[in-house]
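User: Got a model I'd like to go through with you. Can you take my questions as they come?
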2 protein chains.
Amino acid sequence: MQIESPDPWPLLESRPGPGLVIFRVRTDLLRNPRTGVAMERLVLETPDWVNVVALTPERQLVLVRQFRFGVSEVTTEIPGGVIDPGESHRAAAERELREETGYTAPRWTYLGSVLSNPAFQTNRCHHWLAEDAVLSHPIDPDPGEDLRVGTASLDEVKAAIARGEIAHSLVITALSRILDLRS
Amino acid sequence: MQIESPDPWPLLESRPGPGLVIFRVRTDLLRNPRTGVAMERLVLETPDWVNVVALTPERQLVLVRQFRFGVSEVTTEIPGGVIDPGESHRAAAERELREETGYTAPRWTYLGSVLSNPAFQTNRCHHWLAEDAVLSHPIDPDPGEDLRVGTASLDEVKAAIARGEIAHSLVITALSRILDLRS
């Protein structure tokens, strides 16, 4: 794969904007090397995220359902969340699995990370695989959550993705590391 | 897959916020049905997006490299962009492929869509497959773009995803429809 790289855009100025709860908004002034013209671009500074492909000893996937405010609908996803300051993404993965689902697991494998949206977000989402996960704790949702937990076979999960019932981009990037998602 | 659905959160109030170029910010006040407590949540109202898995007659994938302002780095992605008001996502796919890469294609297949991020964004990204794509036009970048175009075999693309060189979540969800991405 040999594709010439365009030049980085020189940063001329960076102005903080209003805090938006989960983001810090920043406006950068950059020069387009192709045209020489300076342009403002919006950046949402976001902590890294983590999500977890958790499989029970029977190879059932642990899923959470919750009302999502962006789309105003209940969605089906894998557990995940924001990495706390100073926390490793592995520790955040274990914490989110336990808090959101009550499951804990003895075997953890890193599945890599993706850029959430490099056009305007600064962050990555790290994907972890947890195997032999068992229900061992009560769930511990934060005040902004109302979750239901369940499991499904990987065949059911693949079919739900094909039907669009599991549709969160970052859930699909995580699952693509362990499932062939071609229809 | 039988997972109980939590209740929708009643919307108590919705306030428009500042325009942020590519988003309209909205703050919703919703009641958590579990706790009864009303909470503010931020929503970024975003038009739907589209991206294109374009394959040449030799089954090479058409790729674009550009400097991305969120991560301040040059990334490798498939072509795509925002669907214009009143435009179909199929028409947007053809337009973005032609404008960003100069390629056009006679065969188009819909690959489905994903939710960009249902936690705080309203929109979907539609994925299209374009086959027998050929370079037929000069590229026509908008003033905010500085692109380089190239091609790679699907084996190279799969390896680049495994190495993290292709890392945009929405590029990976599109490619997962035609490539087995398990390592």
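User: How many residues does the contact take from chain A and from chain B?
Analyst: It takes 74 residues from chain A and 73 residues from chain B. Contact means heavy atoms within 4.5 Å. This is a predicted model: local features need pLDDT of at least 70, side-chain atom pairs count only at pLDDT 80 or more, and totals for chains, interfaces and linings use all residues. Side-chain values use heavy atoms, without hydrogens and water.

User: What area is buried between chain A and chain B?
Analyst: About 6600 Å², with 65% given by carbon and sulfur atoms. Buried area is the accessible area (1.4 Å probe) that two parts lose on being put together, summed over both.

User: Which three residues supply more than any other three on the chain A side?
Analyst: A:Met1, A:Ile3 and A:Phe69. They supply 12% of the area that chain A buries against chain B.

User: Switching to symmetry. What turn lays chain A on chain B?
Analyst: A turn of 180°, with a shift of 0.0 Å along the axis and an RMSD of 0.0 Å. The superposition is least squares on C-alpha atoms of residues with pLDDT of at least 70 in both copies. The two copies are thus related as by a two-fold rotation axis.

User: Which C-alpha of chain A is nearest the axis?
Analyst: That of A:Asp180, 2.4 Å from the axis. The same surface serves both copies, as 99% of the contact residues of chain A recur in chain B.

User: And confidence? What does chain A average?
Analyst: A pLDDT of 92, on the predictor's per-residue confidence from 0 to 100. In chain A, 97% of the residues score at least 70. The model scores ipTM 0.93 and pTM 0.93.

User: How many charged residues are in the lining of the largest cavity?
Analyst: The lining has no charged residues (Asp, Glu, Lys and Arg count as charged).

Key. Residues are numbered from 1 along each chain as its sequence is written. Chains are lettered from A and ligands numbered from 1 in the order in which they are written.
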